[in-house]
Each structure stands twice: as structure tokens, then as C-alpha cells.
Amino acid sequence: MNIVSSAKRQIILDTETTGMNQSGGGVYIGHRIIEVGCVEVVNRRLTGRHFHEYIRPDQLIDEEAIGVHGITNEFVADKPRFHEIAPQFLEFIKGAEIVAHNASFDISFMDHEFSMLKPSGPITADICSVVDSLSIAKFLHPGQKNNLDALCKRYGIDNSRRELHGALLDAEILADVYLLMTGGQTKFNLNSDKAGQQTGSIQRLPENREKLKVVAATADEISDHEQRLDLVAKSGNCIWRA
């Protein structure tokens, strides 16, 4: 599995729904999207742009689903319907690579909603590529829990705000998980080459500055690092090894 994406623009996405079909067939059958949350990543950096909408489904939300996300029928009663937010949603995701956890769930619901537009909307795969972060997590951590809470704990990400599921909050948390899981750091813009000149959050320092103290990695840290690179190398594209 190649876990290193070459996509320049990625949309980390999550949805919440009225419930899910558990009687055979697609999980979207008989259900609707009631919240969609997206955050934008360009060149592995969060841009601060996001898309977030609550949606009126015109049907009751399952009690079991309310227990998961806390979104009630009363809360969405005055929210726009999907066809009203679809143009802005499509504009935000079009041409990007979508990253979602258990992506088949979100994408099937999106395609279901797009199919009910008049005229019918696109199939997601025709306008976006899709990456399933759950598949990547299972590849890197076989036999372990790989839900979002477990991954936050594994990668040291603060998810204390996550008492219930929420599309935008989960998308924000997933963005941190995905970037750490697939590279460990974001890509910096180093276009500026003048001392003291800032580029984004980076400030270059003068060459005659006092030397920094070098702290060498311990044997255990080096061992952990090599084990991590071994896992990445299984994808066939470990850019951190010559």
C-alpha cells in the first residue's frame, strides 16, 4: 500500500447521518446526511479553510444515531436542505483528494445525496480521488484498534473536545491523525532565502547566529525510528531512506 499521497490539495471530510441501514444493501438506504464537515490541506499544510453545514433531512433521526452525534430533530428543523448547500459543497471538494475514515460510508451517503439532486449530481469518484485513512491505519497497525479515538491516543493528539461525534470536529482531528500517520510532519514553504524574512510561520535566522545545542537520539529512539521506517517501507515508497 502506498500511504504517501502526491495530491497537492486534500479535503479531510466527515459526515453525520440520520442513521444507517443494517438490513442489507447500502448503508445509506433509508437515511440522509445531516452534517458535513471538511478541512482543507494543501501541500500537507492545514490552510484554515473549511466547509461546514448542518442539513435538514426531512425525516426523523434514529435515536441510536442521536446517541452517537447528539444532533436532534429539533436542532436541524430550521437548517437548509442538501440541495441548498450542494453547490457550495461541490465547489469546495471538486478536484481535490478526499480523505475520510471508513471512506466508503461517507462517499456512499454523498453519492446517494448527489443522485437525488435535480438534475442529478456527480458521482464523487468522477470529481475527486478518495483515500481511506482507516485502510492506511489497518496497514500500519494491523490487529489493533484503529478508530479515531484509538489513533488519537497512539499519535498523542488531544481529542478531549470529542464527547460526541461531530463532522467538523472529527474532520479536524482526522487531519492531524492523517498527517502524522503518513509523514509525521507538514511540508514547509522555503521559498524565502533572506535572513529575517518570514514565509508563512517560518522566519530564517542569520548565518552568524549562536550555534544550537545538538541533542542526539538515544539507541531506543533510533530503534523506534527504524521500526517506523520499516512499516513505511512496506508501502514501497519510503522517502526518508536513500
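A charge sits over a ring if NZ of Lys or CZ of Arg is within 6 Å of the ring centre and within 35 degrees of the ring normal. Keep that in mind for the opening stop, and remember throughout that you are looking at a predicted model.

**Stop 1: charges over rings**

Select K79 and F75. K79 lies over the face of F75, 4.2 Å from the ring centre. Now pick R9 and F92: here R9 lies over the face of the F92 ring, at 5.5 Å from its centre.

**Stop 2: the aromatic cluster**

Stay on F92 and add its aromatic partners. Which residues form one aromatic cluster with F92? Show F51, F82, F89 and F114, and with F92 you have the cluster. So F92 has R9 over its face and also belongs to this group of phenylalanines. The count of aromatic pairs comes to 7.

**Stop 3: helix 3 against helix 4**

Some of those rings turn up again at a helix contact. Colour helix 3 (residues 82–93) and helix 4 (residues 103–115); their axes come within 11 Å and cross at roughly 125°. Angles of 65 to 115 degrees count as roughly perpendicular and those over 145 as roughly antiparallel, and helix 3 and helix 4 are therefore oblique to each other. The crossing is left-handed.

Next, show side chains. From helix 3, select F82, F89, L90 and I93; from helix 4, select M110, E113 and F114, which they meet. By class, this contact has 6 nonpolar residues, no polar ones and 1 charged. F82, F89 and F114 are in this contact and in the aromatic cluster too.

**Stop 4: a cis bond after helix 4**

Move on to the loop between helix 4 and helix 5 (124–127), where you will find P119. Zoom in on the bond between K118 and P119: this peptide bond is cis, with omega about 0°. Most peptide bonds are trans.

**Stop 5: a positive phi at N43**

Jump to the loop between strand 2 (33–42) and strand 3 (45–54) and click on N43. What is the phi of N43? The value is positive, about 55°, although N43 is not a glycine. Most residues other than glycine have a negative phi.

**Stop 6: helix 8 and helix 7**

Now bring up helix 8 (residues 167–182) and helix 7 (residues 148–155). The axes of helix 7 and helix 8 come within 10 Å and cross at roughly 50°. Helix 7 and helix 8 are therefore oblique to each other, and the crossing is left-handed.

To see the contact, select L148, L151, C152 and Y155 on helix 7, then D170, I173, L174, V177, L180 and M181 on helix 8. Sorted by class, these give 9 nonpolar residues, no polar ones and 1 charged.

**Stop 7: helix 8 and helix 6**

Keep helix 8 on screen and add helix 6 (residues 133–140). The axes of helix 6 and helix 8 come within 11 Å and cross at roughly 40°, so this pair is oblique as well. The crossing of helix 6 and helix 8 is left-handed.

For the side chains, pick S133, I136, A137 and L140 in helix 6, which meet L174, Y178, M181 and T182 in helix 8. The class tally for helix 6 with helix 8 is 6 nonpolar, 2 polar and no charged residues. Finish by highlighting L174 and M181: both appear in the contact with helix 6 and in the contact with helix 7.

How values were computed: Residues are numbered from 1 along each chain as its sequence is written. This is a predicted model: local features need pLDDT of at least 70, side-chain atom pairs count only at pLDDT 80 or more; totals for chains, interfaces and linings use all residues. Side-chain values use heavy atoms; hydrogens and water are left out. Axes are lines fitted to C-alpha atoms, for helices over the stretch in contact, and angles run from 0 to 180 degrees between N-to-C directions. Helices (H or I, at least four residues) and strands (E, at least two) are DSSP runs, numbered from the N terminus. Angles under 35 degrees count as roughly parallel, over 145 as roughly antiparallel, 65 to 115 as roughly perpendicular and the rest as oblique. A crossing is left-handed if the near helix is turned anticlockwise from the far one by less than a right angle, and right-handed if clockwise. Contact means heavy atoms within 4.5 Å. Ala, Val, Leu, Ile, Met, Phe, Trp, Tyr, Cys and Pro count as nonpolar, Asp, Glu, Lys and Arg as charged, and the others, Gly among them, as polar. Rings of Phe, Tyr and Trp (its six-membered ring) pair if their centres lie within 6.5 Å; planes under 30 degrees apart count as stacked, over 60 as edge-to-face and the rest as tilted.
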